Amino acid sequence: MRVPNSVVLPVGTHVDCCQEQEVAEKTHDIMARITAMLAERKSNLAHFIDNLESSEEPKFYVDQWERLKAMESCMLTILNLVAVNCTDHHDIKKLEATVLKHVKNEELFPEVVRVLPPVYRQVEAAIVDIAQSEEVADHGMMDLQYLLSKLSQRKHLASLGRELLQDILRYLHRIGLIVWYEEIKHLENTVFLQPTFLITMFKLLVRHHLVQQLESIS
């Protein structure tokens, strides 16, 4: 809701736990709730903005007014919910096909037609190769400078510089191939070549009732 022109694809899981009619009813209910939530958000923002504009000293609230107006301009495009059975490979492929269809829609994503320089693909392929090699640990963590040195050993990437690599890593981070937290000081020099490792780790550390479980330990 804070990102301009966001596109959201709701995904309903555990279809295998529901009857066909129940899936249809839940899908309708979820989409109705989302519509109601967006309408309430729009109404609340308009109310807050109106309160600031009608205050006795509106000039004192310019910063708040600008933030609210910026939030008001962040429009969401909500796509139709996709219901899937996560234990069914066919359903996973159906979800994948749906996502690909939407991201290739130029009306939703005008920037999709941008052509990447060939070096982006070359680095991407090389990183995939490095990540799958036996010398990389299961956690896939690698020092940024070491990664650059490994890539530079390849003949077609010998002239690859750190600045260009960082631009490419930002792109690969956005598409989910790697994870690079460049904005976090302690992690800016670490590249995660195996994002799935982070997911597994977070699932172990962050979970429902974690506080209660810890408190139950004597």
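Visitor: What distance separates the centres of domain 1 and domain 2, taken over C-alpha atoms?

Guide: The two centres are 33 Å apart. Keep in mind that this is a predicted model. The domain assignment puts domain 1 at residues 7–104 and domain 2 at residues 118–201.

Visitor: How many helices and strands does the protein have?

Guide: There are eight helices and six strands. If you walk along the sequence, the order is β-β-α-α-β-β-α-α-β-α-α-β-α-α.

Visitor: And how do I read the radius of gyration of the protein against that of a compact globule?

Guide: Set the two values side by side. A compact globule of 218 residues would come out near 17 Å, while this protein has 23 Å. The C-alpha trace spans about 65 × 55 × 55 Å along its principal axes. Of the 218 residues, 25% are buried.

Visitor: What share of the contacts between residues at least 6 apart in sequence joins residues at least 24 apart?

Guide: That share is 58%. Leu-9 gives you a feel for such contacts. Leu-9 sits in the loop between β1 (6–8) and β2, and among its contacts beyond four places in sequence are Leu-79, Asn-80, Val-82, Leu-95 and His-102.

Visitor: Is Leu-9 buried, partly exposed or exposed?

Guide: Leu-9 has a relative accessible area of 22%, so it counts as partly exposed. The cut-off for buried is under 20%. For a sense of distance, Leu-9 and Ala-125 are 116 residues apart in sequence and 28 Å apart in space, C-alpha to C-alpha.

Visitor: You listed His-102 among the partners of Leu-9. Where is His-102 located?

Guide: His-102 belongs to helix α3, which covers residues 89–103. Its relative accessibility is 16%, so His-102 counts as buried. Besides Leu-9, His-102 is in contact with Leu-79, Leu-108 and Phe-109, leaving aside neighbours within four places in sequence.

Visitor: What about His-47: buried, partly exposed or exposed?

Guide: His-47 is partly exposed, because its relative accessible area is 46%. This histidine is part of helix α1. Its C-alpha lies 40 Å from that of Glu-96, with the two positions 49 residues apart in sequence numbering.

Visitor: Which residue in helix α1 could show me the exposed class?

Guide: Try Gln-21, which is in helix α1. With a relative accessible area of 54%, Gln-21 falls in the exposed class, because that class starts over 50%. Gln-21 also shows how far apart residues can sit: its C-alpha is 49 Å from that of Asp-63, at 42 residues along the chain.

Visitor: How should I read a backbone phi value, and what is the phi of His-14?

Guide: Start with the general idea: most residues other than glycine have a negative phi. His-14 is not a glycine, yet its phi is positive, at about 60°. You'll find His-14 in the loop between β2 (11–12) and α1. His-14 is exposed, with a relative accessible area of 52%.

Visitor: Now for pockets. How much space lies in the second largest pocket?

Guide: The general idea is that rolling a probe the size of a water molecule over the atoms shows where empty space is left. Here, the second largest pocket holds about 180 Å³. Its lining is made up of Leu-38, Arg-41, Lys-42, Leu-45, Glu-72, Cys-74, Met-75 and Leu-76.

Visitor: Which element gives the most to that lining, and how do the residues divide by type?

Guide: Helix α1 (residues 20–53) gives the most, with four residues. By type, the lining has five nonpolar residues, three charged ones and no polar ones.

Visitor: Let's end with Leu-193. Where is it, and is it buried or exposed?

Guide: Leu-193 lies in the loop between β6 (190–192) and α7 (195–205). Its relative accessible area is 4%, so Leu-193 is buried. Not counting residues up to four places away in sequence, Leu-193 touches Ile-127, Ile-130, Ala-131, Gly-140, Met-142, Leu-147, Leu-177 and Ile-178.

Visitor: How far is Leu-193 from Ser-54 in space, C-alpha to C-alpha?

Guide: The two are 53 Å apart in space and 139 residues apart in sequence.

Technical notes:
Residues numbered from 1 in each chain as written. Predicted model: local features only at pLDDT ≥ 70, side-chain atom pairs only at ≥ 80, totals over all residues. Heavy atoms only, no water. 1 Å grid on protein atoms, 1.4 Å probe; cavity = no way out; pocket = protein on both sides within 12 Å on 5 of 7 lines; lining within 4 Å. Points joined across faces, edges and corners; volume = space filled by probe spheres on them. Helix = DSSP H or I, 4+ residues; strand = E, 2+ residues; numbered from the N terminus. Nonpolar A, V, L, I, M, F, W, Y, C, P; charged D, E, K, R; others polar. Buried < 20%, exposed > 50% of the residue type's maximum accessible area, 1.4 Å probe, protein only. Domains from an automatic or database assignment. Rg over C-alpha atoms; globule rule 2.2 N^0.38 Å. Contact = heavy atoms within 4.5 Å.
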